[in-house]
Structures are given as C-alpha cells and as structure tokens.
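Visitor: I should like to learn how to read the features of a structural model, one at a time. May we begin as soon as the structure is on display?

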Amino acid sequence: MQRATAPADHHRFAARAAWLSYIGGLRQEDIAERLGVSRVKVNRLIAQAHRDGLIRVFVDGRPDECVLLEDRLRMSYRLDFCTVAPTLDDSEVLPLKTLSAAGARFLMRALEREDLEVVGVGHGRTLAAVVENLPRLARSDVRFVSLLGSLTRHAAANPFDVIHQLAQASGCESYFMPVPFFADSVADKQVLMAQKGVRDVFALAREAQLHIVGIGQIGAKAHMYETGMVTPEEFAEVERAGAVGEVLGQFFDADGRPVDAPINQRSIALRIDDLRGKEVVIIAGGQGKARAIDAVLATSVVTGLITDEATAQRLVPLGARRERARASLNPLATS
C-alpha cells in the first residue's frame, strides 16, 4: 500500500489517481484504498491533476443533431469532412472549450498518420487553445511550420506562441517565420521575403501535407483589432472594401475573394491559393464568425471544418444558399 506523506508527492499521486480513475475505471473508494488515502484526498488529487494539465478528455460520440449538421454542411460546402461539437453555452462569444477539445482530438488523430511529415499552422486564440488541450505526444518525426509572419507588437497575438507550444507538447521540430505578420510597406515585404531563412520557411510551409488555420472576423470584437495588430484606420479600410473575414492575413469579401485593400498586399503569409489541392482544415466558431467562415469556404480551398453547434446552425442557411446558386448556374450539377 502506497501512502502520500508529503506535499512533494502531490503531483506524482495526482497522476496516479487520474490514471486509476480515467484509464483503470476504478471507483473513488478503490483508488483511496490503493493509494492509502481518504476519498476526500482522492477528489483533491484528481482536481490537482486537472489543474496540472495531466488530464485531457476526448469524447468520440456526438449528438444526432450535430451529426445532421455535419452532413448538411459537408454537402453544402463540398467538404471532405466536417465536425460539429456540441455547444456548451449559447452565450459564449468564442466557445474555446468546445473548439479546443474538438480541434485537439482531430490533431491528435492526424498525428497518428504515418504519411504525415509536415503540418502548417495558422494563428489565433482558437488554435492556441487547441494546442493547450493536446496531451503530451511522442511523434518526433513530424515538423510543424508557421504559415505566416510570427512577430507582432502585442504578445497576446503572437503566432509564434502556437508553434512554441506545439514544440513543447510534441517534441517535434517547429519552424516559425522570423518576420512581422504585416510589413510596413510592400517594399519592406519584398526585402524580408528575399531573405534566405524566410524563403526556406515558406518552402517548408508549401510542402506541408496538412494545413490547420483559424478565421478572423471583422468588427470591434475582432482579435486583430483588439490586440492592435491592425489599426482602426486599416480595419475601416477593409470594411469599406467589403471584407467579412480574414484568413492568413488576407481579408475576404462575402464571395471568398480578396478585397482591394493595401493591407492585403503587406501580409507576410502563404496565400490561401497556395494551399489549393492540399488538406486544409479550418477550426473556427463563435458569435459573428458564420459569415467569415462562409466566405472562406466559398473559396473551395478548404477540405475540412471543425466548428461548434451554434455556429453550424448559423452556417446551414448560408450553405443552402450557395447550393441553390450552384444549381441555378448548372441545373445538372449535384452536391
């Protein structure tokens, strides 16, 4: 019989208690007997395991309502796959728990593929939360690479954090682009893009078999606006140009076309057309994101979507409208 006798043992016993509970399926009284502690102590140990990030929970099943939404979105937008995770709280502006759990489950399974060698990664709060939700992995032969410039004025918006977190979670080689997300001018961008180190990272990003990206919305709640990555004047400019969303530093209109705005020429990132023909998965959702997601899906570049239930419900009529538009252009086309 093992006994926890000192505070220094808490982390070790928390891991053992979590393992016995979630993997072994033991009841709390059985764990208490095994460890030689009280049931109250077992509760505290498992709570400690959660706080220490030792427990990552993935649920394979989804409610029938979510599966139905997946089928409708997959057909409307001609996706290879779609995952709709149940909404936990309809009032959430950005459902990070839902999106991060579904995204981490997808990425964990993707990393089990033997053919996967390079994974390109975008930026944003959602992707950072996905990485935080990943369990510790052991896949040292995969390389992660940033798809966009990784230097920003605001630490909270720094895309390098996502790459750094991935390196820590997986032990894999990770490459970030040592340039600003937006250059001050097109001329500055050309100078930066001419650097050999930058060219090498871009080349690696284009080689990726899987690209995982987030989507930015337009408006006062936009993350890039709140963190100062884009100035109020620049945001007003893209809004006047008809932008409804952003992906990889490019602002798109409702039909998935880059808007005519100077900032689109200054972003240092792969263009979404560079990803055409590749596996491109979007992880995005939340209030105000449906139009942005619809616009990016309209490019026909995206092959997979991971979103939350509430956002999926808002996307269904938008996707149906695109289906009707395709049918009117070609009555013989099928979805």
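Guide: Let us begin with a charged contact in this predicted model. The side chains of Arg257 and Asp255 meet in a salt bridge, at 3.3 Å from N to O.

Visitor: Are Arg257 and Asp255 buried or exposed, or in between?

Guide: Burial is read from the relative accessible area, with under 20% counted as buried and over 50% as exposed. Arg257 has 48% relative accessibility and therefore counts as partly exposed. Asp255, with a relative accessible area of 46%, is likewise partly exposed.

Visitor: Which residues are joined with Arg257 and Asp255 into one network?

Guide: Salt bridges may share partners, and they are then read together. Here, shared partners join Asp253, Asp255, Arg257, Asp294 and Arg322 into one network.

Visitor: How many salt bridges does a search of the whole structure find?

Guide: The search finds 13 salt bridges. Among them is one between the side chains of Glu29 and Arg27, at 3.5 Å from N to O. Arg27 also meets the side chain of Asp30 in a salt bridge, at 3.2 Å from N to O. Glu29 is partly exposed, its relative accessible area being 32%, and Asp30 is partly exposed at 27%.

Visitor: Let us turn to the strands. How should a sheet be read?

Guide: Strands of a sheet pair through backbone hydrogen bonds, and the pairing is either parallel or antiparallel. In this structure, seven strands form an open sheet in the order E1-E10-E9-E5-E2-E3-E4, with parallel pairing. Its edge strands are E1 (81-85) and E4 (173-180), each of which pairs on one side only. On average, neighbouring strands of this sheet are turned by 15° against each other, direction ignored.

Visitor: How many bridges join strand E2 to strand E3, and which residues are partners?

Guide: Four bridges join E2 (residues 118-121) to E3 (residues 143-151), and the two strands run parallel. Gly120 has Val145 in E3 as its bridge partner, while Val119 stands opposite Phe144 in E3. E3 is also joined to E4, by five bridges and again in parallel. There, Arg143 stands opposite Glu173 in E4. E3 is mostly covered, with seven of its nine residues buried.

Visitor: What does strand E9 pair with?

Guide: E9 pairs with E5 in the parallel sense over four bridges, and three bridges join E9 to strand E10 (residues 304-308), which also runs parallel to it. Val281 can be followed through both pairings: Val281 is the bridge partner of Ile212, and Gly304 in E10 is the bridge partner of Val281. E9 is mostly covered, since four of its five residues are buried and buried means under 20% relative accessible area.

Visitor: Which helix lies across E9, and at what angle?

Guide: Helix H6 (residues 125-132) lies across E2, strand E5 (210-213) and strand E9 (279-283). H6 runs at about 95° to E9.

Visitor: Next, how should nonpolar cores be read?

Guide: One asks which members touch the most others. The largest nonpolar core has 59 residues, of which Leu73, Met224, Phe251, Ile282, Leu297, Leu305 and Leu315 touch the most other members. Leaving out residues up to four places away in sequence, Ile282 touches Val213, Ile215, Val296, Leu297, Val302, Gly304, Leu305 and Ile306. Another core lies apart from the largest one and has 26 residues, including Leu111, Leu210, Ile212 and Ile306.

Visitor: Is Gln250 buried or exposed?

Guide: Gln250 is buried, because its relative accessible area is 8%. Gln250 belongs to strand E8 (residues 250-252). Apart from neighbours within four places in sequence, Gln250 is in contact with Gly245, Pro258, Asn264, Ser267, Arg271 and Ile272.

Visitor: Finally, how many aromatic pairs are there?

Guide: The count comes to three aromatic pairs. In one of these, Phe81 and Phe106 are stacked, at 5.4 Å centre to centre with 15° between the planes. This pair links distant parts of the chain, as Phe81 is in strand E1 and Phe106 is in helix H5 (residues 96-110), 25 residues apart.

Visitor: Which accessibility class does each ring residue of this pair belong to?

Guide: Phe81 counts as partly exposed, because its relative accessibility is 22%. Phe106 has a relative accessible area of 16% and is therefore buried.

Methods:
Residues are numbered from 1 along each chain as its sequence is written. This is a predicted model: local features need pLDDT of at least 70, side-chain atom pairs count only at pLDDT 80 or more; totals for chains, interfaces and linings use all residues. Side-chain values use heavy atoms; hydrogens and water are left out. Two strands pair if DSSP finds at least two bridges between them. Axes are lines fitted to C-alpha atoms, for helices over the stretch in contact, and angles run from 0 to 180 degrees between N-to-C directions. Contact means heavy atoms within 4.5 Å. Buried means under 20% relative accessible area, exposed over 50%, partly exposed in between (1.4 Å probe, protein chains only). Rings of Phe, Tyr and Trp (its six-membered ring) pair if their centres lie within 6.5 Å; planes under 30 degrees apart count as stacked, over 60 as edge-to-face and the rest as tilted. A salt bridge is a side-chain nitrogen of Lys or Arg within 4 Å of a carboxyl oxygen of Asp or Glu. A nonpolar core is a set of buried Ala, Val, Leu, Ile, Met, Phe, Trp, Tyr and Cys residues joined through side-chain atoms within 4.5 Å.
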